[in-house]
Amino acid sequence: MDISKYKIKIKHHAYIRAIERGIDPDQIEYLLKNGKTIKIGKHGIKFVNKSKKRNVVCVGEIISNEIRIFTIEVKNDNM
């Protein structure tokens, strides 16, 4: 999915969760540009970056020309 045509808005809650989980803001930007995109329902979207140590997931929604990221999750790969 080409996100260049969308305005990206990362909510304060997502930044707080990223800091709690040890994710740098540069990693969030990289994930949004290069991660796998999964559409969920009509407006929902996830950006997923899988690595050997952990999977980082940005969860958000698309509203008109804006992508709003409202939380960031980390899942360990050793499940």
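The following exercises, each with a worked solution, concern a predicted model of a protein.

**Exercise 1. Overall architecture**

Determine how many helices and strands the protein has, and in which pattern they follow one another along the sequence.

Solution. Step 1: the elements are counted, which gives 2 helices and 5 strands. Step 2: they are read along the sequence, and the pattern is β-α-α-β-β-β-β. Step 3: three of the elements may be located by their residues. Helix 1 covers residues 12–20, helix 2 covers residues 25–34, and strand 4 covers residues 54–63.

**Exercise 2. Overall dimensions**

Establish how the radius of gyration of the protein relates to the value for a compact globule, and describe the extent and surface of the protein.

Solution. Step 1: for 79 residues, a compact globule would have a radius of gyration near 12 Å. Step 2: the protein has 12 Å, in agreement with that value. Step 3: the C-alpha trace spans about 35 × 20 × 20 Å along its principal axes. Step 4: the accessible surface amounts to about 5,400 Å², and carbon and sulfur atoms account for 49% of it. Step 5: 32% of the 79 residues count as buried. Step 6: among the contacts with a separation of 6 or more, 43% are made by residues 24 or more positions apart.

**Exercise 3. Strand pairing**

State in which sense strand 3 pairs with strand 2 and with strand 4, and what joins the strands in each case.

Solution. Step 1: strand 2 (residues 36–40) and strand 3 (residues 44–50) pair in the antiparallel sense, over 5 bridges. Within this pair, Ile38 stands opposite Lys46. Step 2: the two strands form a hairpin with 3 residues between them. In its turn, Gly41 has a positive phi of about 65°. Step 3: strand 3 and strand 4 also run antiparallel, joined by 7 bridges. Here Ile45 stands opposite Gly60 in strand 4. Step 4: a hairpin of 3 residues joins strand 3 to strand 4.

**Exercise 4. The nonpolar core**

Identify the residues with the most contacts inside the largest nonpolar core, and the elements that supply at least two residues of this core.

Solution. Step 1: the largest nonpolar core has 16 residues. Step 2: those with the most contacts inside it are Ile28, Leu32, Phe47, Cys58, Ile67, Ile69 and Ile72. Step 3: at least two core residues come from each of helix 1, helix 2, strand 3, strand 4 and strand 5 (66–76). Step 4: Cys58 may serve as an example. Leaving aside neighbours within four places in sequence, Cys58 is in contact with several residues, among them Ile28, Leu32, Phe47, Ile69 and Ile72. Other contacts of Cys58 include Leu31, Lys46 and Thr71.

**Exercise 5. Salt bridges**

Find how many salt bridges the model contains, and examine three of them: Arg17 with Glu20, Glu29 with Lys33, and Lys75 with Glu73.

Solution. Step 1: side chains of opposite charge can pair when their charged atoms come close. With a cut-off of 4 Å between the side-chain nitrogen and the carboxyl oxygen, the count comes to 4 salt bridges.

Step 2: for Arg17 and Glu20, the closest N and O atoms are 2.9 Å apart. The two residues are 3 residues apart in helix 1, and are therefore separated by about one helical turn. Arg17 is partly exposed at 23% relative accessible area, whereas Glu20 is exposed at 54%.

Step 3: for Glu29 and Lys33, the corresponding distance is 3.0 Å. Both lie in helix 2, 4 residues apart, about one turn of the helix. Glu29 is partly exposed at 41%, and Lys33 is exposed at 58%.

Step 4: for Lys75 and Glu73, the closest N and O atoms are 3.9 Å apart. Lys75 counts as partly exposed at 35%, and Glu73 is likewise partly exposed at 26%.

**Exercise 6. The surroundings of Phe70**

Locate Phe70 in the fold, classify its exposure, and list the residues that it touches.

Solution. Step 1: Phe70 is found in strand 5. Step 2: its relative accessible area is 34%, so Phe70 is partly exposed. Step 3: not counting residues up to four places away in sequence, Phe70 touches Lys11, His13, Ala14, Val59, Gly60 and Glu61. Step 4: Lys39 is 31 residues from Phe70 along the chain, and their C-alpha atoms are separated by 15 Å.

Key
Residues numbered from 1 in each chain as written. Predicted model: local features only at pLDDT ≥ 70, side-chain atom pairs only at ≥ 80, totals over all residues. Heavy atoms only, no water. Buried < 20%, exposed > 50% of the residue type's maximum accessible area, 1.4 Å probe, protein only. Pairing = 2+ DSSP bridges. Core = buried A, V, L, I, M, F, W, Y, C linked by side-chain atoms within 4.5 Å. Contact = heavy atoms within 4.5 Å. Rg over C-alpha atoms; globule rule 2.2 N^0.38 Å. Areas by Shrake-Rupley, 256 points an atom, 1.4 Å probe, with all protein chains shown as cover.
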